[in-house]
Each structure stands twice: as C-alpha cells, then as structure tokens.
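Student: I am new to this structure and would like a close look at a single part of it. Could you take one helix, go through it slowly, and then set it beside a few other places in the chain?

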Amino acid sequence: MIVGLRIRNFSLLQDFKLGLTREDLLAGQAQTVPPLGSLVALIGPNSTGKSTLFEGLAFLRDIILYGVPQAAALDQRGGFARLRSNLAPSPQEPLRFDLLVAGPDQEQDAEKSATPADQDPARLLPSLASTYYSYQLAVKADRHQRPYLAEEIASRLSLRSGSWQEEVILRQEGHEMSLLTSKGQVQSFQRYETKSPGLAFWGLDRSYPDLHFILQRLRGIFVYRLHTEKTQQVPEQGGHKHLKERRDNLQNVLNYMAANDRKAYDQWLQDSLAKIPHYQAKRQHFSLEEMSTGELKLFELLVLLRDHFPLICLDEPDVSLYYQMMEALMKEMRDYSLRNPDSQIFYTTHNAGLLQALRPEEVWILERSKQTGARARSVAFDPVVQAMYDQGLDMGMLWYGGYLDQA
C-alpha cells in the first residue's frame, strides 16, 4: 500500500507531496502527517493537478514495464520534453518520483481487522507499520531530449530503538550499481543499461523478496481515465481476464468470466445488475448495447472492482452517474477496500455525493499557485472540520458548505 509520494518536475507537479513520505519518517514527523489509506479522495478546482497525479503514476508504472524512452512516448504523452515541468528550477533538474510503500506486516494486520466494524467513522489515522519501502527514481534527458534513467534507489526503512533506520537494497547512479544480496552482502558492479530500472529486472527474482514486493505494488497500478473521444476499433476475439485501461475489451472480460465458471458468472451478473438503480433489462438475454450511458459506466466500474489491483486510480468516476448510482459506487468502493485490504483506490471528484461516506483523513484538497505549482493538504487535523464531523455532518455536506475549501 502506498502511504505517501512525492513527485517533482512532472508537468504542473513541481514539488508535490501527498501523504507520509520518506523524509517525514526519517525526520521523526510520522505522527504529524496522515498516511494514505485504502480510500483516498482528491478534490479541488480544475487544473490543480488531480488528473496530472494519475498521469504521473501511470508514467512511473510504464517506466517499470517498458523502459524510460517507450514510456515517454506511450499513450500520446508526446515525449519527455512535454512531460517535464516548465516550473523546474533549472533545465538540469531531473524528473523525480519518490514513493513510500507500507511493508507486508501492515497489510496482514489490515486483513485481520478488515471487518464491517471498520466502517465505524472513528477518527483514527492508520497505524504505522514496522517496515516501509522507499522507491526513488530520477529521469533526465540528453541534449537530443532522449530520456534516460539518472538515478534509482530502493531502500527498506525499519523502526529500531524508537527511530527509523534506512538500508539501501538497490542503487544505481549513472553506470554504478549496488545490490544488497539475499545473504546481506552489498554487491557492486557496472550496469550500462539506463533505459529500464533495475527494479524491473531484479524484482522478478523472488530471491530478492523486498524488490519483488515493491515491483508488485508499482507495476499493478490501474488508471481509469475520462475518454473524451471514442475511436472505432475492431472488436477483439476471445476472453480477457482483466479490463484494459481503455475499457474497450469489456465484452471480452465478460466472455472470460462466463467461460471460466458459468454458474459463478451468472450469479455475479445477477448481483451486479441489482446494484444498478432502476435498471430494467430490455431483452431476455443480457446485452451491453441495451444499457444507457450511466448504466454502462457503473457496470464497467463494477467489472473493474471485481478484479484485484494494488492501486486503482479513478479519474472522475461520477461523470454520467445519477445520484443513486453514485451511492452504489461509493458502497462498492468501500466494500472493495474491505475485501482487499492490501489494495487502494484513489479517486478524483467534483461531486459532494462521493464524499458522504468518507472520514476526514481520507480527503485531500489540491490547490495550485503560479509559483509552486500544485500542492495537497489533508483535512484530517483541521479542528473545525473534525468538530463538525463529530456532530454528525458528513464530508459531502462540509464540502458543499465551503468548510473544506477554507481548511
């Protein structure tokens, strides 16, 4: 579970922090910064970096999957020069990612406590894990604007004698590479590969369990974007186990589910259609073509949430949804977080209805200035918001009343 991140020099994210970071841990500020939990709502005006954050996470994932040059050109990104922030202090400053991931001990504890009782809106910040993993990546471009890996550091942070101690597992700076072996020895060598991260290679080797754990958390990020245009594509054949980010293989996923276990699929389909308010089948046999835009959108999200991803980023999932559909979606997202305590959902919204069931520590407000770019702040420690929340006002009402924007 990603408990915090810091992104620098990516688009309008000049120096953007969200949640508990590595610097916070090492500085002894872990008790004053709320870590990110299983549900994270990102709100704020337009052009404050909400969608840009998701694009940054998708870019980091693609670097791990495909390498730096291909990731910079994928998905109409247009190359490294378009991704790099024009707010960077100097052209030599690299684009940096710094993520803090909770160790498996916290995920196991969350699984034991993931009961319906956890929905009690008690204002308790997530407990600290005994182990965290930090992953830092820096990308630069040469004089021909070809991006390359400038620095990569993966480390383990452990709580010892009341303070956090950091141990580097993997480090690459230029061509100098060091790796902590399974026997606890540091192996140093020359690595001339600067296109793909070392994590993408050594993380596949289970004899490096720490790196394997980090890799699994980062390469499984799913980003659900708003599509402004629909392109005509030839339908693919056969069944697909997972929904693609463009969601153009929805019927393929249904085909896979039906072929894999018809009885289970029929039951899941019946239960899912019952979650769509006012849905009435127009044919004897279910068909996606019979659904309205809102019904199809909610059904698509239900299909996505039946799967299991380390992190799902939903960009404005409430668009085209009737208010009762938003209630159904909010319940499904909360149920997903209880079923999968090692997973997270980040989502952006402009609708107060998608905040009603959240706690203060689950809501982050994004703002933007011309000098510093986008920044995020939590309402978890705002005394006015928490006092009103204690009196029974939900987060949606507080946002609609203007109290979150003034936090």
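Tutor: A polar contact is a pair of N or O atoms within 3.5 Å, where, within protein, one atom must be able to donate a hydrogen and the other to accept it. With that cut-off in hand, and keeping in mind that this is a predicted model, we can begin at the start of helix α12, which covers residues 383–390. Asp-382 caps the N-terminal end of this helix, with one of its side-chain oxygens lying 3.3 Å from the backbone nitrogen of Val-384. Moving along α12 itself, we find that Val-385, Gln-386, Met-388 and Tyr-389 are buried. When the helix is viewed down its axis, these buried residues fall within an arc of 165°, so they line one face of α12. Part of what covers them is α13, residues 395–400. After α12 comes Gly-392, whose phi is positive, near 105°.

Burial can also be followed at single residues elsewhere. Gly-294 has its place in helix α10, residues 293–305, and it counts as buried because its relative accessible area is 8%, where buried means under 20%. Apart from its neighbours within four places in sequence, Gly-294 is in contact with Ser-320, Leu-321 and Met-325. Of these, Leu-321 is 27 residues away from Gly-294 in sequence, yet their C-alpha atoms are 5.0 Å apart in space.

Arg-359, by comparison, is found in a loop, the one between β12 (344–348) and β13 (363–369). With a relative accessibility of 16%, Arg-359 counts as buried, and its side chain is joined to that of Glu-361 by a polar contact of 2.9 Å.

Finally, we can turn to a pair of helices. Two packed helices are described by the angle between their axes and the distance between the axes. The axes of α2 (residues 50–66) and α7 (residues 209–219) come within 9 Å and cross at roughly 125°, and the two helices are therefore oblique to each other. Where they meet, α2 contributes Arg-61, Ile-64 and Leu-65, while α7 contributes Leu-215, Leu-218 and Arg-219. Sorted by class, this contact has 4 nonpolar and 2 charged residues, and no polar ones.

Technical notes
Residues are numbered from 1 along each chain as its sequence is written. This is a predicted model: local features need pLDDT of at least 70, side-chain atom pairs count only at pLDDT 80 or more; totals for chains, interfaces and linings use all residues. Side-chain values use heavy atoms; hydrogens and water are left out. Axes are lines fitted to C-alpha atoms, for helices over the stretch in contact, and angles run from 0 to 180 degrees between N-to-C directions. Helices (H or I, at least four residues) and strands (E, at least two) are DSSP runs, numbered from the N terminus. Angles under 35 degrees count as roughly parallel, over 145 as roughly antiparallel, 65 to 115 as roughly perpendicular and the rest as oblique. Contact means heavy atoms within 4.5 Å. Ala, Val, Leu, Ile, Met, Phe, Trp, Tyr, Cys and Pro count as nonpolar, Asp, Glu, Lys and Arg as charged, and the others, Gly among them, as polar. Buried means under 20% relative accessible area, exposed over 50%, partly exposed in between (1.4 Å probe, protein chains only). The arc is that of the directions from the helix axis to the C-beta atoms.
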